[in-house]
Amino acid sequence: PSLDRNILLRRGLNVASFDSAAIISFLRTKPIPESTKERLSVYISAWIRDFWELFPSLPASIVTLDDLQAFTLVPTSEADTFISIKYALSPSTIYISPSSPHRRSSFVESLQKLGIVVSPGQSNSPADTVSKLPSTVISRLEARSLTFTTFIDALHDLDRTGALKKSPVWSIDAQTRLASWIRHELSKIPAPPNKKKQKQKYLERQRSFNVLRSLPIWPSYRGGERETLRALTDPNVRILPQTIGVSVKALAPFLTNDLFFVESSSQAISRLSNDGFMSLSQFASCLTFPPSLTQSHFDDHYRPLLDSIMHLPSRDTLQFSSLLHLPRNDLQMAPISTFYANSVSEFRAAFQYQPQRFVHTKLRSTEFRLYALGLIRDKSPAAFEACCRAIDEDFDKTSLTDRGRAKVVYQWYNTELPVIASAKPSAWWCQLDRHAFVPTRGSSPRWLCDPQTFPDVDFAAKSLPHIVPPSKVVRDQYASIAWTQR
């Protein structure tokens with residue numbers, strides 16, 4: 001009764017009014033620290049458990065949670081470690097209810113390793129402190145319940161204060177679980193809206209996700225090694241160009257072993273801002289090709305890479321022109337600049353016995369896409385000389401087919417080459433004298449002539465093989481006239 005209470009207080013006895021001031025004084029004498037975070041003894045932990053068990057029976061007029069917000073009364077996931085109610089509601093903390101599927105120790109551990117404080121948690125006291133928290137405390141903590149938004153807020157708050165641990169030492173299981181959850185939640189973010197005002201808000205939110213770049217949660221590959229999780233800010237990590245729509249796992253055999261690569265096609269990566277993606281020229285410079293391919297590597301790795309490059313806009317394919325390698329029919333690899341278009345009849349004739357001059361038969365149907373990448377299709381003077389050299393090297397004089405080969409190249413020599421070569425010095429034709437490619441009628445003498453009208457009887461009477469260089473059918477003193485006045 002209030003009468004008895006007033007009498008006791010007036011008599012000066014060692015009795016104080018049971019109000020918020022008395023409770024606060026009592027907490028201080030235990031002592032319960034007034035701080036952000038403290039590790040307490042097992043005894044104090046048990047006392048806090050008993051305090052929370054009693055708290056619901058206290059009249060609200062006597063003490064409120066606001067009166068207690070400075071004291072470390074809220075348990076965390078760290079053994080016997082408590083935080084204040086005020087700190088438990090700050091952006092650096094996250095509440096995970098006991099029934100949450102994320103309550104697994106490995107997931108909670110991964111959050112702790114980043115510097116995030118998880119509340120409420122287990123303690124080493126005889127009973128679980130969490131189960132003693134009154135509903136009024138839980139309802140406040142639920143404002144910091146684990147969502148992707150509260151997680152991002154916690155990272156930003158820790159990063160702002162320099163407390164974010166960007167290189168945590170955690171177990172593979174903990175790292176994998178958290179990384180999978182982050183990427184899954186990030187991929188659920190809707191694509192950018194079309195309306196300008198909404199898009200601006202989206203871009204602001206998108207920039208907030210960039211804090212995730214510094215966490216080792218991104219699947220990366222290097223050569224034939226197994227997948228590892230690394231941060232995008234790692235100096236040895238590169239994000240593939242967005243225009244290369246091939247998985248990094250498929251591309252790994254053709255990428256330099258000096259770097260780790262992350263694919264850009266995943267929805268999670270696409271929700272980040274576009275900063276940090278490789279340019280096509282950077283990507284091209286990282287390509288490296290083995291001397292040969294296996295059939296499975298051709299089908300599963302090389303073909304997707306080549307198809308992706310071939311479908312780029314023509315201005316972009318130029319980045320690969322001097323760096324790309326192509327497979328021959330035997331799957332040996334060579335620079336694209338050494339291959340000729342199979343669609344050009346003169347090339348087919350000249351290189352009939354040199355299949356290494358043509359790309360793998362499975363690529364013939366899309367050969368036209370390789371022209372922009374450096375495959376030789378123009379019938380230039382240099383290409384003609386290569387054809388002449390091929391005829392000279394492997395001509396079979398017993399084969400009628402080979403005589404036909406020589407005729408095809410010689411027809412080019414007679415009709416098209418003079419026009420192409422007209423801009424070159426007159427002595428250019430002499431280079432062709434090194435190669436036998438001009439077909440003859442056989443081994444019989446050229447003709448019988450009158451020494452009176454053609455004094456060089458020896459030149460005219462010589463027997464000729466099946467193919468000869470131009471110098472064998474045109475005298476040197478007339479060569480410049482013969483080839484420049486056609």
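# Reading a structure: burial, pairs, a pocket and odd angles

Reader: Let us start with His-435. Is His-435 buried or exposed?

Author: The general idea is a cut-off: under 20% relative accessible area, a residue counts as buried. Now the case here. His-435 has a relative accessible area of 8%, so it is buried. Keep in mind that this is a predicted model.

Reader: Where is His-435 in the chain?

Author: Look for a loop. His-435 sits in the one between α19 (417-421) and β12 (438-439).

Reader: Which residues does His-435 touch?

Author: Set aside residues up to four places away in sequence. Then His-435 touches Glu-385, Cys-388, Arg-389, Asp-392, Val-468, Pro-469 and Pro-470. Pick out Glu-385. Its side chain and that of His-435 are joined by a polar contact of 3.5 Å.

Reader: Can I read a whole helix that way? Which residues of α6 are buried?

Author: Go along the helix residue by residue. Helix α6 covers residues 105-114. Its buried residues are Ser-106, Phe-107, Val-108, Ser-110, Leu-111 and Leu-114.

Reader: What covers the buried residues of α6?

Author: The cover includes β5 (117-119), α8 (148-161) and α9 (172-187). Remember α9. We will meet that helix again.

Reader: Which residue follows α6?

Author: Gly-115 does. Its phi is positive, near 105°.

Reader: Next, charges. Why can side chains pair at all?

Author: Side chains of opposite charge can pair when their charged atoms come close. Now to the case. The whole structure holds 16 salt bridges.

Reader: How far apart are N and O in the salt bridge of Asp-50 and Arg-49?

Author: The distance is 3.4 Å, N to O, between the two side chains. Then check burial for each partner. Asp-50 is partly exposed, because its relative accessibility is 39%. Arg-49 has 11%, so it counts as buried.

Reader: Which residue forms a salt bridge with Arg-140?

Author: Asp-66 does, and the closest N and O atoms are 3.0 Å apart. This pair links distant parts of the chain. Arg-140 is in helix α7 (residues 135-141), and Asp-66 is in helix α4 (residues 65-68). They are 74 residues apart. As for burial, Arg-140 is partly exposed at 30% relative accessibility. Asp-66 is partly exposed too, with a relative accessible area of 44%.

Reader: Where do Asp-402 and Arg-405 lie?

Author: Both lie in helix α18 (residues 400-415). They are three residues apart, about one turn of the helix. Their side chains meet in a salt bridge of 3.2 Å, N to O. Now apply the burial cut-off. Asp-402 has 0% relative accessibility, so it counts as buried. Arg-405 has a relative accessible area of 2%, so it is buried as well.

Reader: Which residues are joined into one network by salt bridges?

Author: Look for shared partners. Salt bridges that share them join Glu-346, Lys-379 and Glu-416 into one network.

Reader: Now a pocket. How much space lies in the second largest pocket?

Author: About 160 Å³. Next, ask what lines the pocket. For the second largest pocket, the lining residues are Ile-172, Gln-175, Thr-176, Ser-180, Arg-183, Glu-227, Thr-228 and Leu-229.

Reader: Which element gives the most to that lining?

Author: Here is α9 again. It gives the most to the lining of the second largest pocket, with five residues. Both α9 and β7 (228-230) supply at least two residues each.

Reader: How many nonpolar, polar and charged residues does the lining have?

Author: Sort the lining by class. The second largest pocket has two nonpolar, four polar and two charged residues.

Reader: Last topic: backbone angles. Which residues does a cis peptide bond join?

Author: Read omega. Between Lys-30 and Pro-31 the value is about 0°, and the peptide bond is cis. Pro-31 belongs to the loop between α2 (20-29) and β1 (37-39).

Reader: What is the phi of Asp-80?

Author: Read the sign, then the residue type. Asp-80 has a positive phi near 55°, and it is a residue other than glycine. It lies in the loop between β2 (72-75) and β3 (81-84). Its relative accessibility is 5%, so Asp-80 counts as buried.

Reader: And what is the phi of Leu-331?

Author: About 70°, positive although Leu-331 is not a glycine. Its loop runs between β10 (325-327) and β11 (333-335). Leu-331 is buried, because its relative accessible area is 9%.

Technical notes
Residues are numbered from 1 along each chain as its sequence is written. This is a predicted model: local features need pLDDT of at least 70, side-chain atom pairs count only at pLDDT 80 or more; totals for chains, interfaces and linings use all residues. Side-chain values use heavy atoms; hydrogens and water are left out. Buried means under 20% relative accessible area, exposed over 50%, partly exposed in between (1.4 Å probe, protein chains only). Helices (H or I, at least four residues) and strands (E, at least two) are DSSP runs, numbered from the N terminus. Contact means heavy atoms within 4.5 Å. A polar contact is a pair of N or O atoms within 3.5 Å; within protein, one must be able to donate a hydrogen and the other to accept it, and residues adjacent in sequence count only if both atoms are side-chain atoms. A salt bridge is a side-chain nitrogen of Lys or Arg within 4 Å of a carboxyl oxygen of Asp or Glu. On a 1 Å grid over the protein atoms alone, a cavity is a set of points where a 1.4 Å probe fits but cannot get out, and a pocket is an open set with protein on both sides within 12 Å along at least five of seven lines; lining residues have an atom within 4 Å of a point. Grid points are joined across faces, edges and corners, and a volume is the space filled by probe spheres set on the points. Ala, Val, Leu, Ile, Met, Phe, Trp, Tyr, Cys and Pro count as nonpolar, Asp, Glu, Lys and Arg as charged, and the others, Gly among them, as polar.
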